[in-house]
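Hi,

Here is the structure I said I would pass on. Could you have a look at it when you get a moment, and then read my notes underneath?

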Amino acid sequence: MIHSSYIELDFKALKKNIHYLKKEIGDKVKFVSVIKGNAYGHGIQDYIPLAEACGISYFAVSDAYEAEIANSVLSPKSELMIMGMIDNEELEWVIEKEISFFVFDLDRLEAAIQIAKILKKKAKIQLEIETGMNRTGFENDELETSIELIQRNSVYLFLEGICTHYAGAESIANYVRVNEQYDNFIRITKNINNMNLHAKYNHTASSASALLYPHTRMDLVRIGIAQYGFWPTNETKMYKLYDGEVKMLRDPLKQILQWKTKIMSTKTVKPAKFISYGNSFLTTKTTKIATIPIGYFHGFRRSLSNNGFVLINGRKAPVIGMVTMNMFIVDVSLIPNAKKGDEVVLIGKQGKNKISVASFSELTNFVNYELLSRLPAEIPRVIINR
Ligand SMILES: *Cc1c(COP(=O)(O)O)cnc(C)c1O
């Protein structure tokens with residue numbers, strides 16, 4: 001059977017993005033590809049081999065569940081880190097597989113030591129310190145205890161990293177807070193180093209901080225959104241590409257994802273008829289409609305009812321009526337040659353027109369991150385330009 005839509009991943013575009021980012025960040029800094037949220041909707045299993053083919057050898061996921069998926073396709077040369085949730089019961093598997101993981105409380109640290117002892121294997125830990133995001137990370141009072149524990153159990157632990165995460169480096173509004181976090185990180189790591197404890201990697205930067213604040217790159221960067229061809233925000237893009245002239249520099253980041261389906265059927269509806277459920281759309285003229293076999297079940301949001309658009313034959317076709325669970329309808333009166341089986345672009349390019357995730361998401365008040373990561377995992381991913 002064929003799924004009613006598919007997601008294309010453009011390998012050539014990914015290669016360009018990685019090339020640009022590596023050039024910006026420099027080859028002394030380890031590049032970690034963040035693939036949480038099903039690789040921001042691109043599909044963990046499909047994305048990892050592509051990224052590895054672009055020279056990436058370190059990946060970061062959010063939890064043990066994602067780590068298991070990633071591990072099933074990961075090359076033996078590549079490494080994995082877990083930045084968030086791991087049940088203590090899952091720690092054994094994580095340590096066994098030599099996956100590093102954020103440690104932000106004494107409970108996890110103690111569990112890691114205990115399991116490492118049993119396995120006779122070093123747990124690779126990323127010591128996360130609180131610098132001002134106020135989400136996870138050791139507070140000063142617990143930090144001393146944890147450092148003592150780490151030193152006493154150095155046989156069972158390998159300090160892969162000391163790290164923190166900024167509370168929104170992609171927005172200039174957070175400039176002062178992010179700077180304070182940086183200062184805190186430097187001060188705290190100095191104290192840790194003075195206690196004769198050093199990590200392989202000190203790391204703090206995500207896409208925005210790595211691109212905007214070079215001093216935050218340190219030994220390793222955790223790059224998410226930018227590798228997929230999106231700027232974290234328009235501010236970030238302006239900062240990097242606006243050269244003081246009227247024109248912006250050419251955008252080096254290329255969206256690698258497109259979402260496509262095809263027309264399921266077409267028909268002509270007389271004037272003064274309601275389209276789809278209810279009465280939210282009334283035809284005012286003879287209207288040619290095309291039915292698209294995608295609905296909110298597939299991630300095409302209901303709020304795009306009478307609001308979104310798709311591309312057919314290189315032209316925009318507006319959504320009319322309500323988006324239903326498995327279908328929605330577009331007006332193709334201005335695209336008279338549209339017929340059953342024609343390609344429909346939900347996100348991406350066709351001819352001269354483009355539906356970026358951003359414009360799709362502005363309509364639904366979602367940011368790129370949210371919309372991308374909510375693209376259903378079940379939709380097949382197809383690699384192009386390999
Ligand atoms: C998501 C995440 C990143 C990557 O963020 P981007 O803005 O997508 O580059 C880095 N670090 C942590 C801890 C994250 O959760």
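Below is what I found on the pockets, the ligand and the cavity.

One thing up front: this is a predicted model.

Let's start with the largest pocket, which holds about 790 Å³ of space. It is lined by 32 residues, and the closest to its centre are Gly229, Phe230, Gln255, Lys354 and Ser356. Where does this pocket lie relative to domain 1 (12-241) and domain 2 (257-355)? Both domains give residues to the lining, so the pocket lies between them. If you want to find it by secondary structure, go to α1 (11-25), α10 (234-241), β10 (257-262), β16 (343-350), α11 (357-364) and α12 (368-373), each of which supplies at least two lining residues. The lining is a mix by class: 12 nonpolar, 10 polar and 10 charged residues.

Next, the second largest pocket, with a volume of about 670 Å³. Its lining has 28 residues, with Lys36, Tyr40, Arg135, His165 and Tyr369 the closest to the centre. Two or more lining residues come from each of α2 (36-40), α9 (207-212), β9 (220-223) and α12. Of these, α2 gives the largest share, at 3 residues. By class, this lining splits into 13 nonpolar, 10 polar and 5 charged residues.

Now the ligand. Around it you'll find Val34, Lys36, Tyr40, Met83, His165, Ser206, Ser207, Arg222, Ile223, Gly224, Ile225 and Tyr369. Lys36, Tyr40, His165 and Tyr369 are in that set, and those four also turn up among the residues closest to the centre of the second largest pocket.

Which side chains make polar contacts with the ligand? Here are three to look at:

- Ser207 has a polar side-chain atom 2.5 Å from a ligand oxygen.
- Arg222 places a side-chain N or O atom 2.8 Å from a ligand nitrogen.
- His165 has a side-chain N or O atom 3.4 Å from a nitrogen of the ligand.

As for burial, the ligand taken alone exposes 390 Å², and the protein buries 93% of that.

Last, the enclosed space. There is 1 cavity of 30 Å³ or more, and the largest cavity contains about 40 Å³. Its lining is made up of Glu128, Ile129, Glu130, Thr131, Gly132, Met133, Arg135, Thr136, Thr164 and His165, which divide into 2 nonpolar, 5 polar and 3 charged residues. Arg135 and His165 are worth a second look: both line this cavity, and both are listed among the residues closest to the centre of the second largest pocket.

Cheers

Key:
Residues numbered from 1 in each chain as written. Predicted model: local features only at pLDDT ≥ 70, side-chain atom pairs only at ≥ 80, totals over all residues. Heavy atoms only, no water. 1 Å grid on protein atoms, 1.4 Å probe; cavity = no way out; pocket = protein on both sides within 12 Å on 5 of 7 lines; lining within 4 Å. Points joined across faces, edges and corners; volume = space filled by probe spheres on them. Helix = DSSP H or I, 4+ residues; strand = E, 2+ residues; numbered from the N terminus. Nonpolar A, V, L, I, M, F, W, Y, C, P; charged D, E, K, R; others polar. Domains from an automatic or database assignment. Near = heavy atom within 4 Å. Polar contact = N/O pair within 3.5 Å; in protein donor to acceptor, adjacent residues only side chain to side chain. Areas by Shrake-Rupley, 256 points an atom, 1.4 Å probe, with all protein chains shown as cover.
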